[in-house]
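Grab a pencil and work through a few short exercises on this chain. Each one has a task, then a solution in steps.

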Amino acid sequence: MQDTSTQYDAVIKKCRDLFINKMKDYGSAWRILRLPSLTDQIFIKAQRIRGLQENAVRKVDEGEVSEFIGIINYSLMALIQLEKGIAEQPDLSTDTATELYDKHIDITKTLMMNKNHDYGEAWRDMRVSSLTDLIIQKLLRVKQIEDNKGKTLVSEGIDANYQDMINYAVFAMIHLGEAK
């Protein structure tokens, strides 16, 4: 599992670097987004990945990796929004946003390592297309929870679903990196 941890960190470094650079370009304008808006952004990325996986012709020169990075970063933004609440104006410095990003990725990675131990790294035998489908399933669950005003009877909450989407996207990126 040490290899998984190292691979996970490499993927997150790439995502984190992009997050920081976008914070420098745009500030924390994303702080005004409500959770359903972030969920919809992730949904668009996941649907595009699925389309890329199913269609032989591509009309935009961007592949799956950039979309998986988007899923990871938007999911982390959503976790930050869950913690901080929605802002009326951009209110986070790059340093503060990065600290929150790191906090939530540490929690999410710990969850992954615990599940990875219990499941015996089953994700390594999965196809990227299956990981994409699982992300879409999680998104549909989140949309239903949002429609239910955040209430669940017996199911895990929105945060756990965002964490799972991050981890599935990291696994997909590891697979795509190994395929080269």
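**Exercise 1.** In which helix is the place of Lys 109? Then work out whether Lys 109 counts as buried or exposed, and list what Lys 109 is in contact with beyond its neighbours within four places in sequence.

*Solution.* Keep in mind that we're looking at a predicted model.
- Step one: find the element. Lys 109 sits in helix 4, which covers residues 94–119.
- Step two: check the accessibility. Lys 109 has a relative accessibility of 15%, and buried means under 20%, so Lys 109 counts as buried.
- Step three: look for partners. Setting aside neighbours within four places in sequence, Lys 109 touches Ser 5, Tyr 8 and Asp 9.

**Exercise 2.** How many helices and strands does the chain have, and how does its radius of gyration fit with the globule rule?

*Solution.*
- Step one: count the elements. You should get six helices and zero strands, running α-α-α-α-α-α from the N terminus.
- Step two: compare the radii. The chain's radius of gyration is 16 Å, close to the 16 Å the globule rule gives for 180 residues, so the chain is as compact as a globular protein of that length.
- Step three: look at the contacts. Of those with a separation of 6 or more, 81% link residues 24 or more positions apart.

**Exercise 3.** How many positive and negative side chains does the chain have, and how far apart are the centres of the two sets?

*Solution.*
- Step one: tally the charges, giving 24 positive and 27 negative side chains.
- Step two: locate the two centres, which lie 3 Å apart.

Definitions and conventions: Residues numbered from 1 in each chain as written. Predicted model: local features only at pLDDT ≥ 70, side-chain atom pairs only at ≥ 80, totals over all residues. Heavy atoms only, no water. Helix = DSSP H or I, 4+ residues; strand = E, 2+ residues; numbered from the N terminus. Buried < 20%, exposed > 50% of the residue type's maximum accessible area, 1.4 Å probe, protein only. Contact = heavy atoms within 4.5 Å. Rg over C-alpha atoms; globule rule 2.2 N^0.38 Å. Lys, Arg positive; Asp, Glu negative; His and termini not counted. Charge placed at Lys NZ, Arg CZ, Asp CG, Glu CD.
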